[in-house]
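Q: Could you take me through the salt bridges of this protein, with a close look at a few pairs and where they sit?

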Amino acid sequence: MSDAPPDSATARSAPGSGATERAVAAVWRIESARIVGTLTRLVGDFGLAEDLAQEALLDALRQWPLEGVPRNAAAWLTAVAKRKAIDSWRRQERLDDRIAVIAHDLEREQAEAPDAPWDPDAVDDDVLRLIFISCHPVLSREAQVALTLRVVAGLSSDQIARAFLVPTATVQQRIVRAKKTLAAAHVPFETPPRDEHPARLGAILGVLYLIFNEGHSASSGSDWMRPELSDEAIRLARVLAALMPRERDVHSLVALMELTAARFPARVDAHGDPVLLADQDRARWDRGRIARGRAALATADALGAGRGPYGLQAAIAECHAIAPSVEETDWDRIVLLYEALGRIAPSPVVELNRAAAVAMATGPASALRIVDQLAASGALAGYHLLPATRAELLLRLGREQEARGEFAAAAALAGNDRERGLLEAKAAGR
């Protein structure tokens, strides 16, 4: 579709297979959640709804090169999918009320406004239901991630596979299995009761944060970052914030992601190698993201009830974002925020991060004691950032030989090629 909207309400873009494929991909990318959500509500079967949407996409690939791309492409896809549902039920002689409902729906839409703009407000509730069903607790975390990216975000199986460095067939199997699991468990297409919101919403936010973190620091592969994944997580979190504007933790997660992603332009050099916080050119930080992140945190704070885990982490990210340099960062405040985070969401990773902040606030010796206690507990065995942090502290204390050994140990545990290379260079004293 062209950058400038045509004047005519019935205008269509010029035919062309390459342009058509891009148009179909763009529509699906933006509107997949609304399309599948609408269909799921109508047909009562999440798996069937996604299949119908995919069949409509195939029709678009066949018809649009000849007829042009409809201006209201999302509405066209939804209408085609509805007709396919009717045809399918007719073939199966399932002439029940659902056919009448969908047929009436189509007639009403065409009679009232055949070329009206696609109205997102009409299906917002369906999108919210779709997010909840994609992250339903009957699904494994891997299935939740795959289904959220496939159906809610509109990514293809190939795109998801490339992002997580797994075969496309593996992603497809996870999605198929997830659909079968939801069907077998008779999971209803609805938002959960209010008393279940905290736990269910927590699972959704956990999935989005996992996707973001995989983009922030890739767990494996040759790229240290996969920013397209983080961007997708931020987009979905913003959709969720618009659908649930009174939920503090949703806005807090948006704030955390935006403030963290603001540093992305400076986190790698021209060769794709990692650039650590102390060495980053802060002029390259994205000030727009910082402003949006701070605004989201202010929105979360205005909702009351204090800061939760995401809010506290966002506040830490804000301290970094507004500091002119590492030396001028308010490390004392960051230590206090980590202490608060450790009380409401205790974890050895939080304690390790607190140790890094303590090192900047009061010196490496006190921080090393915290890290040594963590190492002795075994809670972070196999986690490469434990020996990496210990190495940095030893280096600051002048214990260079010990530090090199810790850098080597961290390199052996690192799954990401770029990060491993950085640690190996430090182990060699470079």
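A: Happy to; here is a walk through some of the salt bridges, pair by pair. This is a predicted model, where local features need pLDDT of at least 70, side-chain atom pairs count only at pLDDT 80 or more, and totals for chains, interfaces and linings use all residues. Residues are numbered from 1 along each chain as its sequence is written, and side-chain values use heavy atoms, with hydrogens and water left out.

A salt bridge here is a side-chain nitrogen of Lys or Arg within 4 Å of a carboxyl oxygen of Asp or Glu. The whole structure holds 26 salt bridges. One of them joins Arg 150 to Glu 50, at 3.8 Å from N to O. This pair links distant parts of the chain, 100 residues apart: Arg 150 is in helix α6 (residues 141-152) and Glu 50 in helix α2 (residues 46-67). Helices are DSSP runs (H or I, at least four residues), numbered from the N terminus. Arg 150 is buried, at 10% relative accessible area, and Glu 50 is buried too, at 4%. Buried means under 20%, exposed over 50%, and partly exposed in between (1.4 Å probe, protein chains only).

Now look at Lys 426 and Glu 392, whose side chains meet at 2.5 Å, N to O. Lys 426 lies in helix α19 (residues 417-427) and Glu 392 in helix α17 (residues 385-396), so the pair ties together parts 34 residues apart in sequence. Lys 426 is partly exposed at 23%, and Glu 392 is partly exposed at 30%.

Finally, a network of salt bridges links Asp 231, Arg 238, Glu 258, Arg 289 and Arg 292.

Key. Helix = DSSP H or I, 4+ residues; strand = E, 2+ residues; numbered from the N terminus.
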